[in-house]
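Please open the model in your viewer and keep the selection panel at hand. The stops below are given in the order in which they may be selected.

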Amino acid sequence: MGVSSGRLPALLTVAALVLAPGCGSSSGAGPGEAAPHGDANPAIPVVASTNVYGDIVRQIGGDRVTVVSIISDPAQDPHSYEASTRNQLELSRAKVVVENGGGYDDFVGKMLRGARNSDAEVVNAVDVSGKAPARGGEFNEHVWYDLPTMGKLADRIADALAAADPADADVFRKNAVTFKERLTPLLDAERRISTDHGGTAVAVTEPVPLYLVEASGLRNLTPADFSEAIEEGDDVSPRTLRQTLDLFTDKRVRALVHNEQTSGPQTEKAEQAARAHGIPVVPVTETLPPGEDYISWMTANLDALRRALDT
C-alpha cells in the first residue's frame, strides 16, 4: 500500500543506524562461514532498509559483510520514516543495497539517487517475490512475512554478494542454502496450523502479517476499510469501527493479530474489545525485535498464533 505520511509523526525525526556487522542478534551465517578477511580484501558494505533484511544479509554474508540497517527500532514506523544525511553517506559507500520495495521504504531509492551511487547492486524484495496487486485491489507489500519469498531473497542476496566478492561466491550460496533449510520448520508450522485450524476466522489491525496468516489457512474477517485506514494513518469511520468491534463482541473471530508498531486509539479499542471478550491478541512487529534473528522471530510469531488458536 502507499506510504503513510501521517502515522506516528514523532517518528519523523528519528534516525537509527546499526553500524555493527550484525543486525539484531543474528545467529550467524551457519556452517559456510567465510574465511577471515584482511585489509587487502575488505568486507562488502551493505545497507538494508530495515534490520529484518540486514539480519538475512548477515546470515548469508557472515564476516564478509558489514551491514547498516537504517531502521532497527521496533518503535519506529518504516512507512513514515525520514532518513538522515548519515544514512545517505552509508548508501554512497554501499556495494549492495537491500530494500523492501512496493512503496514501503521509498526513502532508500531517493537517498541512493542523492548519493549518486549508481554502482550499488539493489535487491528489491517485492520484485524478488513476483507478487503484484490484484486488479483493482490494494497490494500487501509486507513480503517478509511470506516465507517462500524470503527463501528466494536469500538466493538473490547471495548472487549480489557473489558479484561484489567472487572469491567467496560459494560461501554465500552455501549460506543461502542453510538459511532456506532453516525456513523449512517454519513452513511446516504453517502447514500444521492450516491442518488443525484451516478456515478459522481471525482479525488483523493492518495487513502486515497477512501473508503468514493466509499461509496458515486462516480467514481474515477484518473490514478492509479498517486495516487500510490504520496502515495509512487515516481515521476509521464510526461505521467501520463498529463493524470491526462487532467481530469481537459477537465472537466471530478466534484471534486478533495486532501490529504493535502502529498502535493508536482505534487499534487500542479493537485490542480492548478482543480481550474483554476472551479473544487472544497476538502481537507482531514490522522490524526485528531485540535479541532475535529472522528465524527465531518468525518461530515466535507462529508459536504465538498457534497458542491463540488452541485456546
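Begin with α7 (210-215), β8 (281-284) and α11 (294-310), each of which supplies at least two residues of the lining of the largest cavity. Bear in mind throughout that this is a predicted model.

Next, select the lining itself, which consists of Y145, P209, L212, V213, V257, V282, V284, N301 and L305. These residues divide into 8 nonpolar, 1 polar and no charged, and the cavity that they surround holds about 40 Å³ of space. With a threshold of 30 Å³ or more, the count comes to 1 cavity.

From the lining, keep Y145 selected and add W297. How are the rings of Y145 and W297 arranged as an aromatic pair? The two rings are edge-to-face, with 5.6 Å from centre to centre and 65° between the planes. Since Y145 lies in the loop between α4 (125-129) and α5 (147-164) while W297 belongs to helix α11, the pair ties together parts that are 152 residues apart in sequence. Colouring by accessibility is useful at this stop: Y145 is buried, with a relative accessible area of 1%, and W297, at 3% relative accessibility, also counts as buried.

Now extend the selection to Y294, whose ring centre is 6.2 Å from that of W297; the planes stand at 80°, so this pair, too, is edge-to-face, the cut-off for that class being over 60 degrees. Y294 and W297 both lie in helix α11, 3 residues apart, which is about one turn of the helix, and Y294 is buried, as is W297.

Widening the view to the other rings, one finds 6 aromatic pairs in the count, and ring pairs link Y53, Y104, W144, Y145, F179, Y294 and W297 into a cluster.

From this cluster, centre the view on W144. Which residues does W144 contact, leaving aside its neighbours within four places in sequence? They are V52, Y53, N100, Y104, M150, V208, E286, Y294, W297 and M298. In the largest nonpolar core, which has 60 residues, W144, M150 and Y294 are the ones that touch the most other members. As a last selection, turn to a second, separate core of 17 residues, including A201, L247, F248 and V281.

Methods. Residues are numbered from 1 along each chain as its sequence is written. This is a predicted model: local features need pLDDT of at least 70, side-chain atom pairs count only at pLDDT 80 or more; totals for chains, interfaces and linings use all residues. Side-chain values use heavy atoms; hydrogens and water are left out. On a 1 Å grid over the protein atoms alone, a cavity is a set of points where a 1.4 Å probe fits but cannot get out, and a pocket is an open set with protein on both sides within 12 Å along at least five of seven lines; lining residues have an atom within 4 Å of a point. Grid points are joined across faces, edges and corners, and a volume is the space filled by probe spheres set on the points. Helices (H or I, at least four residues) and strands (E, at least two) are DSSP runs, numbered from the N terminus. Ala, Val, Leu, Ile, Met, Phe, Trp, Tyr, Cys and Pro count as nonpolar, Asp, Glu, Lys and Arg as charged, and the others, Gly among them, as polar. Rings of Phe, Tyr and Trp (its six-membered ring) pair if their centres lie within 6.5 Å; planes under 30 degrees apart count as stacked, over 60 as edge-to-face and the rest as tilted. Buried means under 20% relative accessible area, exposed over 50%, partly exposed in between (1.4 Å probe, protein chains only). A nonpolar core is a set of buried Ala, Val, Leu, Ile, Met, Phe, Trp, Tyr and Cys residues joined through side-chain atoms within 4.5 Å. Contact means heavy atoms within 4.5 Å.
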